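Work through the exercises below with the structure in view, and try each task before you read its solution.

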Amino acid sequence: MMGVDSLTSVSTTGSTSGSPLRCSDVGVEPLPGTAKTGQGFVLLEHPGPWSRDVLDGGTFTPELTTRLEAHLKAAKMGLQLIRKPGREGRQIDGHTVFLVFSDQAVTERLVIDDPAGVLDLDLSGPGRNGAGLGTQRVDHPVLLICTHAKRDACCAIKGRPLAAELVAQFPSGFVWESSHTKGHRFAPSMLLMPWNYSFGRLNAESTAALLTAAQRGEYFHPGNRGRGTLDARGQVAELAVAEQLIGNGETVGLGQLEVDAQPGTVVVTHPDGRIFEVELDQRTIEGVISSCGDEPKVGKGWVATVVRQRP
C-alpha cells in the first residue's frame, strides 16, 4: 500500500568507492511503523558534547543523570538534547527548554540556567509551570534533525548539512539539531513536534515542504515513518488512510485521525465521522543494517494490505 514518493531521496553521501557502506544507504526497510514512540518530551538545549546515550552518565554528572532519569520516568517523558546549527549553537546564555505533550499536540517554551533546572519543572501536563518561569505556549512546529554522531555517523554526515540549510530558511526556533531520534538507518532522521511524527530519507527541498505544511497544520506523507504516540501497527494504519485521503485530493490535518489499534483490523476514524478499516500483514525484511558497521540481519515490519471505508 505504501508507495515510494518522488520527494524522498536516499543520499549516497559517505558510500563512495572504497568507503564503508553506511546503514542509511541501505533502503530495504519500509519507513511506515518505525517512528520513535513517546507521549511527551523534554527538549533541552545543550551545546555538547553529547555522549552515545545522553543519559549514560557521560553528558551530565552521574548524580544529575540519575535524578533526571527518575524525574522523566515519573512523568513518562523522553529527553532530546537540542542545539542550534552552527557556531551559534555552541554559545548560549541560558538553556532553552521545550516541553512537548505530543498526545495533546501542545508545546511550551521556557529558559533555565542549567540542565539541573529540569528537575524543578512539573512535567505532568501543559500549563503546570506558570508565568513565573516565563513559560510560553509555542504556536509553531519544531523540527528536530538528528546530528548525534556518537550514536551513528550517518546522522552527522546527512543531518548536519540539512539542519544548516533549513535553519536559514525558517524563523528562529523552528529547526534544531537533536540527539538520537531513533532510526539513524533512515538518516537524515527527524522528529516533528509537537505531534511526534518521525521522518526519514528526505532531501532539503522535501524537508522544507514538510515544515511549510506543518505550519499550516497539514499532514505530510512523503518520508513519514508514523506518529510516535501510536504503536507500529497504528502508525502504519494511520499512514495508509492518510495516503488514500491525500491521493483523493483531501487535506489531512496533523494528528487529526483517531486510531484504534485493536488486535486484528485497525480502525481509523476521520473527524467528519468516516470510519476506515485497515488490514495489516507482518512481513520479513532481508538485509537490514541497523547501524554503520553492523552485519545485515533479518527484520520484520508491518504493511497495510487493505484500506476500506465502512458504509
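The exercises that follow concern a predicted model, and each task is followed by a solution in steps.

**Exercise 1.** Decide whether G159 counts as buried or exposed, and find which residues G159 touches.

*Solution.* Begin by placing the residue: G159 lies in helix α2, which covers residues 153-167. Next take the relative accessibility, which is 0% for G159, and compare it with the cut-off, under which buried means less than 20%; G159 therefore counts as buried. Finally look for contacts, leaving out residues up to four places away in sequence: G159 touches I145, C146, T147, C154 and P188. One of these, T147, is 12 residues from G159 along the chain, and the C-alpha atoms of the two are separated by 5.0 Å.

**Exercise 2.** Carry out the same kind of analysis for S179, and state in which loop S179 lies.

*Solution.* S179 belongs to the loop between β7 (175-178) and β8 (190-193). Its relative accessibility is 2%, so S179 counts as buried. Apart from residues up to four places away in sequence, S179 touches W50, V54, Q80, L81, C146 and H148.

**Exercise 3.** Check what span helix α4 should have, and compare that span with the separation of its end C-alpha atoms.

*Solution.* Helix α4 runs over residues 232-247 and has 16 residues. The expected span is 1.5 Å times one less than the number of residues, and for α4 this gives 22 Å; because the end C-alpha atoms are also 22 Å apart, the two values agree. As a further step, look at which residues of α4 are buried: among them are R233, G234, V236, L239 and L245. After the helix comes G249, whose phi is positive, near 90°.

**Exercise 4.** Classify the aromatic pair of F170 and F174, and then the pair of F199 and F220.

*Solution.* A pair of aromatic rings is described by the distance of the centres and the angle of the planes. By the rule that ring centres lie within 6.5 Å, the count comes to four aromatic pairs. For F170 and F174 the centres are 6.4 Å apart and the planes stand at 15°, so this pair is stacked. Both residues are buried, F170 with a relative accessible area of 12% and F174 with 6%. For F199 and F220 the centre-to-centre distance is 6.4 Å and the angle between the planes is 50°, and this pair is tilted. Since F199 lies in strand β9 and F220 in the loop between α3 and β10, the pair ties together parts that are 21 residues apart in sequence.

Key:
Residues are numbered from 1 along each chain as its sequence is written. This is a predicted model: local features need pLDDT of at least 70, side-chain atom pairs count only at pLDDT 80 or more; totals for chains, interfaces and linings use all residues. Side-chain values use heavy atoms; hydrogens and water are left out. Helices (H or I, at least four residues) and strands (E, at least two) are DSSP runs, numbered from the N terminus. Buried means under 20% relative accessible area, exposed over 50%, partly exposed in between (1.4 Å probe, protein chains only). Contact means heavy atoms within 4.5 Å. Rings of Phe, Tyr and Trp (its six-membered ring) pair if their centres lie within 6.5 Å; planes under 30 degrees apart count as stacked, over 60 as edge-to-face and the rest as tilted.
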